[in-house]
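Subject: Structure for your review

Dear colleague,

Please find below the structure that I am handing over to you, with its sequence. My account of what was found in it follows directly.

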There are 2 protein chains.
Amino acid sequence: MKLEEAKDKFIQTWGSLATSWGINRTMAMVHALLLVSEAPLSTDEIMEALLISRGNANMNVRELMDWGIVKKELKMGERKEFFVADKDIWNVFKQIVKERRKRELEPLVSSLEELRQIDGKTADSKDFLKLIDNLTGVTSKANVLLDLAIKSDENWLMSKLLKLL
Amino acid sequence: MKLEEAKDKFIQTWGSLATSWGINRTMAMVHALLLVSEAPLSTDEIMEALLISRGNANMNVRELMDWGIVKKELKMGERKEFFVADKDIWNVFKQIVKERRKRELEPLVSSLEELRQIDGKTADSKDFLKLIDNLTGVTSKANVLLDLAIKSDENWLMSKLLKLL
DNA sequence: TTGTATTTTCAAGAAAAAATGAAAGTTTAT
DNA sequence: ATAAACTTTCATTTTTTCTTGAAAATACAA
C-alpha cells in the first residue's frame, strides 16, 4: 500500500468511526487530515483535499479548535491562517474526555439532582428514587475512572492499572 | 414535582443525551421508559406511552435486546410479549462498554494494523507509522481501562481507584 | 386447516443534520 | 480611505437518518 493511499484510508476510517459516536463525519475527516499532514494546512488546502465547501471547512476547523485538539498557526509573510492538529494522541484522548464530561456528564448530574426532588413516598416513588440513585452512583464512578485517565501521567497510570488486573 | 412528571422528564433527558452519543433518540427513550416502569411493558404500551408507531417500537426494542440491556418476558395466558430493562445500572454500563468495544474498538484495531503495512521508508512514511503506533498505543490503553471497568467487581474497583487518586 | 393474534419487514414519506455558496464582515497593506 | 485578501455567517439545498403504516410472515388456538 502506498503512503497516500494509506492516509486516505485513515481519513475514511476515522470519519466513519466518528459517526458512531455522534460526531460529524466531516469534522472527523478534517481532524484526520490534519493528523496525517506534516505541515499546517490552510482552509483552501483542506477544501481541496476533502472536496468540501469553504463554509464547511471553516465550521469544522473552528469546532475542532473548540474541542482544543486543533490550533491555528500563522506563517510569516502569509495572510492566510493555517491549522495543525495536536499529534500527541494521548493528549487528544484526554482532551476529548475532558470536553465530553463537561458537556454531557455534568448536565446529566444536575438533571439527576433535580429529579431527586419528587414528592410522595409511595412504593413507586421509592423505586424511582432508587433508580436515580443508582444512576448517580454509576455516573460518579465513571467520573472517577475518567479523572484517573485525565489527571495522571500516561505511563504511571498504565503500570498501576496493569497491576490491578 | 409529581412522580409521573419526573418519569417523563427522565425519559426526555435520557433521549436527548443519547443523541450526543450516536444513539437513536427513540431507542434511548424506550430504554428509559422500561427503566422507570415497574412492570414489564408490551409493544402496545410502549407505543402508547411514547406516541410512536408499531414498527418503530418493535425495531428499537429489538435493538435494545441486541445490546443486551432489555429482555423479553412472557406472561402466562398472554400471547403478547413483554419487555423489561435490566435495572442494575452498573451492569448496563458494563454491557454497553462491552458492546461498543466489540463493535468499534476491535474494527479500529484491525484497520490500524492494515495501515501499518505501507511500503517506503521516507520521512513521511515514518511519521505516518509513528501516528499509527501512537493511536494503537492509546487504543490499547483505553482497552485496559475498559477491561478494568468490565471485569472487576464494582466496589472493589472503586476502592482501589480512589486510592490511586 | 382455517382463522386470529401478534410480530416483523420494508418501501415510501418525514424529520433532522450537514453542506453549499454567495453575501457580509474583518483584517491588513498601500 | 480604498481595495484586496481572507474569514465568517446563514438561508437554501442536499444528504442522511428516522418513522410510519400496511403487507407479509409467524405463532397459536380451535
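In strand S3 of chain B, Glu81(B) is the bridge partner of Leu74(B). Please note that the model is a predicted one. The pairing to which these residues belong joins S2(B) to strand S3 (residues 81-85) of chain B, in the antiparallel sense and over five bridges. Both strands belong to an open sheet of three strands in chain B, with the order S1-S3-S2 and antiparallel pairing. Its edge strands are S1 (41-42) and S2 (70-74) of chain B, each of which pairs on one side only.

Two helices of chain B should be read together with this sheet. Helix H2 (residues 25-36) of chain B packs on the sheet and touches S1, S2 and S3 of chain B. The direction of this helix makes about 85° with that of S3(B). Helix H4 (residues 54-66) of chain B lies across S2 and S3 of chain B, and runs at about 110° to S2(B).

Chain A may be described in similar terms. An open sheet of three strands is found there, in the order S1-S3-S2 and with antiparallel pairing. Strand S1 (41-42) and strand S2 (70-74) of chain A are the edge strands, each pairing on one side only. S1(A) and strand S3 (residues 81-85) of chain A run antiparallel and are joined by two bridges. Within S3(A), Phe83(A) is the bridge partner of Leu41(A). Helix H2 (residues 25-36) of chain A packs on the sheet, where it touches S1, S2 and S3 of chain A, and its direction makes about 85° with that of S3(A). H4(A) also packs on the sheet, touching S2 and S3 of chain A, with its direction at about 110° to that of S2(A).

How are the two chains related? Two copies of a chain are related by a rotation about an axis and a shift along it. Here, a rotation of 180° with 0.0 Å of shift along its axis superposes chain A on chain B, with an RMSD of 0.1 Å. That is the relation of a two-fold axis. In chain A, the C-alpha nearest the axis belongs to Gly22(A), at 1.9 Å from it. Of the interface residues of chain A, 100% are also interface residues in chain B, so the copies meet through the same surface.

I turn next to the DNA, beginning with strand C. Which residues come closest to DNA strand C? Of the 16 residues that surround this strand, the closest are Thr26(A), Ser53(A), Asn58(B), Arg62(B) and Glu81(B). Three of the contacts with phosphate deserve a description. An N or O atom in the side chain of Asn58(B) is 2.4 Å from a phosphate oxygen of DNA strand C. For Arg62(B), an N or O atom of the side chain is 2.8 Å from a phosphate oxygen of DNA strand C. Glu81(B), the bridge partner of Leu74(B), has a polar backbone atom 2.8 Å from a phosphate oxygen of DNA strand C. The elements that give two or more residues to the surface near this strand are H4 of chain A together with H4 of chain B. H4(B) provides the largest share, four residues. By class, the residues of this surface divide into two nonpolar, eight polar and six charged. Of the atoms of DNA strand C within 4 Å of the protein, 67% belong to sugar or phosphate and the rest to bases.

DNA strand D has 15 residues around it, of which Asn58(A), Arg62(A), Glu81(A), Thr26(B) and Ser53(B) come nearest. A polar side-chain atom of Thr26(B) lies 2.3 Å from a phosphate oxygen of DNA strand D, and one of Asn24(B) lies 3.3 Å from a phosphate oxygen of that strand. With Arg79(B), the partner atom is in a base: a polar side-chain atom of this residue lies 3.4 Å from a base nitrogen of DNA strand D. Helix H4 (54-66) of chain A, together with H4 of chain B, are the elements that give two or more residues to the surface near DNA strand D. The largest share, four residues, comes from H4(A). This surface has two nonpolar, seven polar and six charged residues. Among the atoms of DNA strand D within 4 Å of the protein, 66% belong to sugar or phosphate and the rest to bases.

Yours sincerely

Terms used
Residues are numbered from 1 along each chain as its sequence is written. Chains are lettered from A and ligands numbered from 1 in the order in which they are written. This is a predicted model: local features need pLDDT of at least 70, side-chain atom pairs count only at pLDDT 80 or more; totals for chains, interfaces and linings use all residues. Side-chain values use heavy atoms; hydrogens and water are left out. Copies are superposed by least squares on the C-alpha atoms of residues with pLDDT of at least 70 in both. Contact means heavy atoms within 4.5 Å. Two strands pair if DSSP finds at least two bridges between them. Axes are lines fitted to C-alpha atoms, for helices over the stretch in contact, and angles run from 0 to 180 degrees between N-to-C directions. A residue is near a molecule or strand if one of its heavy atoms lies within 4 Å of it. A polar contact is a pair of N or O atoms within 3.5 Å; within protein, one must be able to donate a hydrogen and the other to accept it, and residues adjacent in sequence count only if both atoms are side-chain atoms. Ala, Val, Leu, Ile, Met, Phe, Trp, Tyr, Cys and Pro count as nonpolar, Asp, Glu, Lys and Arg as charged, and the others, Gly among them, as polar.
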